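The questions below concern the chain shown here, and each answer works towards the value or name that was asked for.

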Amino acid sequence: MSKDFMRVRALVASLALLSGGVALVAGGLALPTAPQAQSAEVAAPAATATEVRIDNFTFSPAALTVTAGTTVTWINGDDIPHAVAAKDRSFRSKTLDTDDRFSFVFRMPGEYDYFCTLHPHMVGKIIVKAGSSPS
Ligand SMILES: [Cu+2]
């Protein structure tokens, strides 16, 4: 009788310890795994984000290869406005003034030709490869 009581007490104690540990782990993971922003503009892109600079009416790099799920950020380094838009309309920025940024998350593999809506001769391409492993 009292042996069973001790076993129950031990079980309750270990359960309390376990749930405390799980809560701690969940709390620790909550911050870094916050969902990525879906909005068009991201004020502070993550360090892993890939950038395309716009300088002298040119996208640099003109062709960029990324894996699916990558955030690509365009930055206008010119003194005049530019805007980026996909030929297939999968993304489109507002007009970007000097130092303005536009970010888009490429989730689907494929080739995305894009151009500047203000200067259609400015063209570039994003090539999205399937990710090797989900993280
Ligand atoms: Cu332009």
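Two strands pair if DSSP finds at least two bridges between them. The model is predicted.

Q: How many bridges join strand S1 to S2, and do the two run parallel or antiparallel?
A: Pairing requires at least two bridges between two strands. One bridge partnership is that of Ile-54 with Phe-59, the latter in S2. Strand S1, residues 50-55, and S2 run antiparallel, and the number of bridges that join them is 3.

Q: Which strands stand at the edges of the open sheet that contains S1 and S4?
A: This sheet is formed by 4 strands with mixed pairing, in the order S2-S1-S4-S6, and its twist averages 20° from one strand to the next. A strand at the edge has a single partner strand, so one side of it is left without a neighbour in the sheet. That description applies to strand S2 (58-60) and S6.

Q: In the open sheet with the order S3-S8-S7-S5, which strands have a single partner strand?
A: The sheet has 4 strands and mixed pairing, with a twist that averages 25° from one strand to the next. Two of its strands stand at the edges, so one side of each is left without a neighbour in the sheet. They are strand S3 (63-67) and strand S5 (84-86).

Q: Which residue in S7 does Val-84 stand opposite?
A: S5 and S7 run antiparallel and are joined by 3 bridges, and S5 spans residues 84-86. The residue in S7 that stands opposite Val-84 is Cys-116.

Q: Which strand gives the most residues to the largest nonpolar core?
A: The core has 14 residues, of which Trp-74, Val-84, Phe-102, Phe-106 and Ile-126 touch the most other members. The elements that give two or more residues to it are strand S4 (70-76), strand S6 (101-106), strand S7 (110-116) and strand S8 (123-129). With 3 residues, the one that gives the most is S6.

Q: Leaving aside its neighbours within four places in sequence, which residues is Phe-106 in contact with?
A: Phe-106 is one of the core residues that touch the most other members, and contact here requires C-beta atoms within 7 Å. Beyond those sequence neighbours, its contacts are Val-66, Ala-68, Thr-70, Val-72, Ile-126 and Val-128.

Q: What share of the residues in the chain is buried?
A: The chain has 135 residues, and its secondary structure comes to 1 helix and 8 strands. To be counted as buried, a residue needs 20 or more other C-beta atoms within 10 Å of its own. The share of buried residues is 14%.

Definitions and conventions: Residues are numbered from 1 along each chain as its sequence is written. This is a predicted model: local features need pLDDT of at least 70, side-chain atom pairs count only at pLDDT 80 or more; totals for chains, interfaces and linings use all residues. A residue is buried if 20 or more other C-beta atoms lie within 10 Å of its own, exposed if 12 or fewer, and partly exposed in between; C-beta atoms are placed from the backbone. A nonpolar core is a set of buried Ala, Val, Leu, Ile, Met, Phe, Trp, Tyr and Cys residues joined through C-beta atoms within 7 Å. Two residues are in contact if their C-beta atoms, placed from the backbone, lie within 7 Å. Axes are lines fitted to C-alpha atoms, for helices over the stretch in contact, and angles run from 0 to 180 degrees between N-to-C directions.
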